[in-house]
Amino acid sequence: MDMVSIDDIRSAATRIRAFAVRTPLLQALWGDDDRPLWIKPENLQPIGAFKVRGAFNAIGNLDESVCTRGVVAYSSGNHAQAVAYAAAVYAIPAHIVMPKETPAVKIDATRARGAEVVLCEAGERERVAAEVVERTGGVLVPPFDHPDIIAGQGTLGLEIAEDLPTVENVLVPVSGGGLASGVGTAIKALCPLARVFGVEPELAADTAEGLSKGHRVDWSIEDRNRTIADGLRSQPSELTFAHLQKVLDGVITVSESEICSAVRELALRAHLVSEPSGAVALAAYRQRRTPPGRTVMVLSGGNIEPQVLTDILAS
């Protein structure tokens, strides 16, 4: 299996430097005294989420002769926007397969980047994307199941290690596992004493169950779609699961009410807009299940439907 190394992540950092924002570490002065908190606000990326890192690394690493055929991606939203954005920068066609239940704000943003959006039924993304690849001759850029994607997302962990080398706990959302795999690889290489915890919704806790059993488990799409955290409904691949087994010190699951409380807290205390998927790390922090010490939470994205945000803030 092609495991990602810190050298791969460093190469990715060089490749994406002109396109991805080096987001700051923001200290949350309202954090707990025994667990000082910093926020890594990936909602400040050009497309509002960390996915821009992996997309630019993967597309930037394609052979020029391949790029002319364009790229194909499947995503519930943030990877879709990232691939559309990167394809536009590289002036190549992009076809993006998205589930019909994807929030309109993400579908509209993907189309606004110039991509052709193909809507599909729940659970049909990969099959439909394969059909689009066959029809267009484009290159598939998967949302997490590729070393270049993992390495690109890992640049986020590289920045955490450089900006806070004394970090003791890192909380990172888990879905398909590309982000947690990359961040965990970087942190374990550069801050070997730090602990890395994945976070996922209780209603989509396939990673927590899989790691406890020592093998991947399958949750139905109907079960995973119950969570408000629409960006965390995917399941790890063999590649990402192998990384997660190596780099995670545990997985914390959070409830729907805890997720909404975290979205509200980030808006009112940190003045940061977070989508539910992006706020799960703060929800886990609030459970106080991590050891004392300097803690970084990854706010992975801020692409939330305005009405959903309104409803959460009013609740």
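On the other side of helix α6 from its buried residues, Glu126 and Glu134 are exposed. That is a handy place to start a walk through this structure, which is a predicted model.

## Helix α6 and its two sides

Which residues of α6 are buried? They are Arg125, Val128, Ala129 and Val132. These residues cover an arc of only 100 degrees around the axis, which puts them on the same side of α6. An α-helix has 3.6 residues a turn, so residues three or four places apart point the same way.

What do the buried residues of α6 pack against? Their partners are the strands β3 (71–74), β4 (94–99), β5 (116–120) and β6 (139–140).

The length of α6 can be checked too. The helix runs over residues 125–136, twelve in number, and at 1.5 Å a residue it should span 16 Å; its end C-alpha atoms are 16 Å apart, which agrees. Just past the end of α6 comes Gly137, with a positive phi of about 75 degrees.

## Helix α13, mostly covered

Helix α13 spans residues 276–286, and ten of its eleven residues are buried, so the helix is mostly covered; a residue counts as buried under 20% relative accessible area. Among the buried residues are Pro276, Gly278, Val280, Leu282 and Tyr285.

Which elements do the buried residues of α13 pack against? On the strand side they meet β2 (37–41), β7 (169–173), β8 (195–201), β9 (250–254) and β10 (295–299), and they also pack against helix α12 (256–269). After α13 comes Arg288, whose phi is positive, near 60 degrees.

## Helices that cross

Helix α1 (residues 6–16) has two helix partners to look at here. With α8 (residues 178–190), the axes come within 9 Å and cross at roughly 115 degrees. Angles of 65 to 115 degrees count as roughly perpendicular, and α1 and α8 are therefore roughly perpendicular to each other. Is this crossing left-handed or right-handed? The crossing of α1 and α8 is left-handed. On the α1 side the contact involves Ile6, Ile9 and Arg10, and on the α8 side Gly182, Thr185, Ala186, Ala189 and Leu190.

The other partner is α7 (residues 147–163), whose axis comes within 8 Å of that of α1, at a crossing angle of roughly 95 degrees. That makes α1 roughly perpendicular to α7. Here α1 contributes Ile6, Asp8, Ile9, Arg10, Ala12, Ala13 and Ile16, which meet Ala151, Gly152, Gly154, Thr155 and Leu158 of α7. Ile6, Ile9 and Arg10 therefore appear in the contacts of α1 with α8 and in those with α7, where contact means heavy atoms within 4.5 Å.

Further along the chain, α12 packs with helix α14 (residues 306–314) at an angle of about 90 degrees, their axes 9 Å apart. That makes α12 roughly perpendicular to α14. Cys260, Val263, Arg264 and Ala267 of α12 make the contact, together with Leu309, Ile312 and Leu313 of α14.

## Three single residues

The table gathers three positions, each with a residue that is distant in sequence.

| Residue | Relative accessibility | Distant residue | Separation in sequence | C-alpha to C-alpha |
|---|---|---|---|---|
| Pro165 | 54% | Leu190 | 25 residues | 7.9 Å |
| Gly177 | 5% | Phe144 | 33 residues | 6.6 Å |
| Gln245 | 43% | His215 | 30 residues | 9.2 Å |

Pro165 sits in the loop between α7 and β7. Is Pro165 buried or exposed? At 54% relative accessibility, Pro165 counts as exposed. Leaving aside its neighbours within four places in sequence, Pro165 is in contact with Ile160 and Cys191.

Gly177 belongs to the loop between β7 and α8. With a relative accessible area of 5%, Gly177 is buried. What does Gly177 touch, not counting residues up to four places away in sequence? Its contacts are Thr240 and Leu244.

Gln245 is part of helix α11 (residues 238–247). This residue is partly exposed, at a relative accessible area of 43%. Apart from neighbours within four places in sequence, Gln245 is in contact with Leu211 and Gly214.

How values were computed
Residues numbered from 1 in each chain as written. Predicted model: local features only at pLDDT ≥ 70, side-chain atom pairs only at ≥ 80, totals over all residues. Heavy atoms only, no water. Helix = DSSP H or I, 4+ residues; strand = E, 2+ residues; numbered from the N terminus. Expected span 1.5 Å × (residues − 1). Buried < 20%, exposed > 50% of the residue type's maximum accessible area, 1.4 Å probe, protein only. Arc of directions from axis to C-beta. Axes fitted to C-alpha atoms, helices over the stretch in contact; angles between N-to-C directions. Parallel < 35°, antiparallel > 145°, perpendicular 65-115°, else oblique. Left-handed = near helix turned anticlockwise from the far one by under 90°.
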